[in-house]
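Here is a friendly briefing to read beside the model. Keep the 3D view open and turn to each spot as it comes up.

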Amino acid sequence: MRTSPESFNISGMLKEKPEEKIEEIRAAAQAAFAKAPTAKELYDAKVQFLGKQGSFSSIMKEMGKLSAEEKPAFGKLVNEVKQALEAIYSEREEALKSGELAAQLAAETLDLSLPSNVGQTGARHPIALVIEEISGILARLGYSVRTGPLIEKDRYNFEGLNFPPDHPARDMQDTFYVDKEHVLRTHTSPIQVRTMELENPPLRVIGVGPVFRADSDISHSPNFHQIEGLCIDRKVSMADLKGTISFFVREYFGKDLKTRFRPSYFPFTEPSAEVDCSCPICIGKGYIGNEPCRMCKTSGWIEIGGSGLVHPNVLKFAGVSYPEWQGFAFGFGVERMAIIKYGIDDIRLFNENDVRFLRQFSV
Ligand code: PHE
């Protein structure tokens, strides 16, 4: 509620009782200051009484109507009252402001007992973790990692690996051709050829990375990962290969698991063998309780990759002198390693970026 200055009919009253009029303004101002609930409203009241357009200014304008004798006393009184009101205002302003600050501090107090918002943290992809784990196991046998291009020359993906031109074995790999001479690499074995061309034996290397094949279903993805080992040394036999893979299987899947080798064919190894290990899900039993094991379909064995002694043609192509130097190689599918170890039933989960799936592997 504002009291307008005009409501004090100054001109009519001045001649009669100027002091009374001023007292009236003082009382009204004091009451308004005391009542103002906030610093903002207090300031509004100050403007109303003491501001340029306020009650006192109106009174001062009327001074001209006073006689010369009356003027000094009236002026003095006005100044005293104004000063007194300024002082009351300042006091009240301070009180209101500190009250407001106290209220604000009380309202904004931090409750340290509230649970905090825990931000989501990122995590390594399960495929990256599996690659790291497998490389770590092989590193203990002296192997170190090599990589190569994803768009690979026919020379490294096929020719240097003893796939003759137009050989039906090229069809085994469901190749994506980029042009006549380039393919999306269908396996990590070209890394073997590139390494043997560049580095001198003895060698213990891991070739690892994405590979591509035109194949897609619940257990095949057109892009997946392989990891493979190549060992070149003076005297290398199938016994070295078996020892290395058996060590790897026990370290990666579990101490109780067995490894077996079945004769097979790859153009770049001779002899060649498919590698199986006891199924890590049912520990080779074929059943979990009375339930048939879905991973190995009751056989108790599961295929994990290919292997063999490096074919002399492959060594010769890469400039490695045979039989002075010989070698073995083995290759695994990385997704398959994770699928078998963790009992995952669909390879496509690795590429879907569903955090509910991925989060389970965060370490
Ligand atoms: N490169 C083969 C494949 O992709 C796997 C393999 C690697 C076999 C090394 C033997 C030796 O099928």
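What follows is a short tour that starts with the whole chain and ends with a few backbone details.

This is a predicted model. The protein chain has twelve helices and eleven strands. Its radius of gyration is 45 Å, whereas a compact globule of 363 residues would come out near 21 Å.

**The chain as a whole**

- Along its principal axes, the C-alpha trace of the protein chain spans about 135 × 55 × 35 Å.
- Of the 363 residues in the protein chain, 42% are buried.
- Among contacts with a separation of 6 or more, 68% are between residues 24 or more positions apart.
- The surface that the protein chain exposes comes to about 20,100 Å², and carbon and sulfur atoms supply 53% of it.
- On the charge side, you will find 44 positive and 49 negative side chains. The centres of these two sets lie 2 Å apart.

**Isoleucine 22 and its surroundings**

- Look for isoleucine 22 in helix 2, which covers residues 18-35.
- Is isoleucine 22 buried or exposed? With a relative accessible area of 0%, isoleucine 22 counts as buried, because the cut-off for that class is under 20%.
- Which residues does isoleucine 22 touch, leaving aside those up to four places away in sequence? They are Phe56, Ile59, Phe74, Leu77, Val78 and Val81.
- One of these partners, valine 81, is 59 residues away from isoleucine 22 along the chain, yet the two C-alpha atoms are separated by 7.8 Å.

**Strand 5 and its two partners**

- Strand 5 runs through residues 223-233, and nine of its eleven residues are buried, so the strand is largely enclosed by the rest of the structure.
- Strand 4 (residues 203-212) runs antiparallel to strand 5, and ten bridges join the two.
- To find your place in this pairing, look for proline 210, which stands opposite histidine 225 in strand 5.
- Strand 5 also pairs with strand 11 (residues 326-333), again in the antiparallel sense, over eight bridges.
- A handy marker here is glycine 229, which has phenylalanine 330 of strand 11 opposite.
- In a regular strand, side chains alternate between the two faces of the sheet.

**Strand 7 and its two partners**

- Strand 7 (residues 269-278) is mostly covered, with eight of its ten residues buried.
- Strand 6 (residues 259-266) pairs with strand 7 in the antiparallel sense over seven bridges.
- How many residues lie between strand 6 and strand 7 in their hairpin? There are two residues between them.
- Phenylalanine 266 stands opposite threonine 269 of strand 7.
- Strand 7 is also joined by eight bridges to strand 10 (residues 301-310), and these two strands run antiparallel.
- In that pairing, aspartate 276 stands opposite glutamate 303 of strand 10.

**Cis peptide bonds**

- The bond from proline 201 to proline 202 is cis, with omega near 0°.
- Proline 202 belongs to the loop between helix 8 (190-198) and strand 4, the strand that is joined to strand 5 by ten bridges.
- A cis peptide bond also links glutamate 270 to proline 271, with omega near -5°.
- Where does proline 271 lie? Its place is in strand 7, the strand in which eight of ten residues are buried.

**Positive phi values in the loop before strand 10**

- Lysine 297 lies in the loop between strand 9 (291-292) and strand 10.
- Although lysine 297 is a residue other than glycine, its phi is positive, near 50°.
- Why does lysine 297 count as exposed? Its relative accessibility is 65%, and exposed means over 50%.
- Threonine 298 is also in the loop between strand 9 and strand 10.
- The phi of threonine 298 is positive at about 70°, although this residue is not a glycine.
- Because its relative accessibility is 35%, threonine 298 counts as partly exposed.

Key
Residues numbered from 1 in each chain as written. Predicted model: local features only at pLDDT ≥ 70, side-chain atom pairs only at ≥ 80, totals over all residues. Heavy atoms only, no water. Helix = DSSP H or I, 4+ residues; strand = E, 2+ residues; numbered from the N terminus. Rg over C-alpha atoms; globule rule 2.2 N^0.38 Å. Buried < 20%, exposed > 50% of the residue type's maximum accessible area, 1.4 Å probe, protein only. Contact = heavy atoms within 4.5 Å. Areas by Shrake-Rupley, 256 points an atom, 1.4 Å probe, with all protein chains shown as cover. Lys, Arg positive; Asp, Glu negative; His and termini not counted. Charge placed at Lys NZ, Arg CZ, Asp CG, Glu CD. Pairing = 2+ DSSP bridges.
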